[in-house]
Amino acid sequence: MDVKIIDVEPVLVAALEHRGAPALLNDSVQRFIAWRKSSGLSPVSQCETYGVPYNDPNTTPPEEFRFDICGSVKAPAPANNEGVLTKTIPGGRCAMTIHAGSRDRIDESVYALYRDWLPESGEELRDFPVYFHYLNLDHDTPEHRHLTEIYLPLK
């Protein structure tokens, strides 16, 4: 696993908060995509796409699972009927690695980061969850070519 420690800038994002079963996450993603298209405020061609999992979908009861679907924005998102909020992904030191391939298997890279890299690194976690920066999107790229940066916030 190739892990780099980098400093990242804060990112202002429009976020749709998914709450509930991981199996329903794609429904929330589709709602966020519809908001992106209708609002024009976070176009895929000009803005970054992020995911912030607050829980491990493999160990969290489905009704307690939380995941934010995010797109970078230049200004706060106005009030809307879709429930899209403005949030900030904090800047600071992060361990970063790249997951290549199916996002259905991203947990393998996340577990390796926590299980293998973190204990050996001497680093301490910051109070923000691991998060994902999607370098390409599902509909544009074959699954085996998906690239996702994984960020682990550090003190």
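**Notes on the salt bridges, cysteines and main pocket**

1. A good place to start is E123, which forms a salt bridge with R93, with the closest N and O atoms 3.0 Å apart. This pair links distant parts of the chain: E123 sits in the loop between α2 and β7, R93 belongs to strand β6 (residues 92–100), and 30 residues separate them. Please keep in mind that this is a predicted model. E123 is partly exposed at 22% relative accessibility, and R93 also counts as partly exposed, at 28%.

2. How many salt bridges does a search of the whole structure find? The search gives 8. One of them joins the side chains of R115 and D116, at 3.1 Å from N to O. Here R115 counts as exposed, with 53% relative accessibility, while D116 is partly exposed at 40%. Salt bridges with shared partners also tie E17, R19, D68 and K87 into one network.

3. Within that network, the side chains of R19 and E17 meet at 3.4 Å, N to O. R19 has a relative accessible area of 36% and is partly exposed; E17, at 33%, is partly exposed as well. As general background, side chains of opposite charge can pair when their charged atoms come close.

4. Now for the cysteines. The structure holds 0 disulfides. Why is C47 not bonded to C70? The closest cysteine sulfur to that of C47 is the one in C70, and at 12 Å it is too far away for a bond; a disulfide would need the two sulfur atoms within 2.5 Å. Seen from the other side, C70 is in no disulfide, and its nearest cysteine sulfur is that of C47. C47 counts as buried, at 12% relative accessibility, and C70 is buried too, at 2%.

5. The largest pocket deserves a look in your viewer. Its volume is about 1,200 Å³, and 42 residues line it. Which residues lie nearest its centre? They are L25, V29, F67, R103 and Y134.

6. Several elements give two or more residues to this lining: α1 (25–39), β3 (49–53), β4 (66–72), α2 (106–121) and β7 (131–134). The largest share comes from α1, with 8 residues. Sorted by class, the lining of the largest pocket has 24 nonpolar, 10 polar and 8 charged residues.

How values were computed: Residues numbered from 1 in each chain as written. Predicted model: local features only at pLDDT ≥ 70, side-chain atom pairs only at ≥ 80, totals over all residues. Heavy atoms only, no water. Buried < 20%, exposed > 50% of the residue type's maximum accessible area, 1.4 Å probe, protein only. 1 Å grid on protein atoms, 1.4 Å probe; cavity = no way out; pocket = protein on both sides within 12 Å on 5 of 7 lines; lining within 4 Å. Points joined across faces, edges and corners; volume = space filled by probe spheres on them. Helix = DSSP H or I, 4+ residues; strand = E, 2+ residues; numbered from the N terminus. Nonpolar A, V, L, I, M, F, W, Y, C, P; charged D, E, K, R; others polar. Salt bridge = Lys/Arg side-chain N within 4 Å of Asp/Glu carboxyl O.
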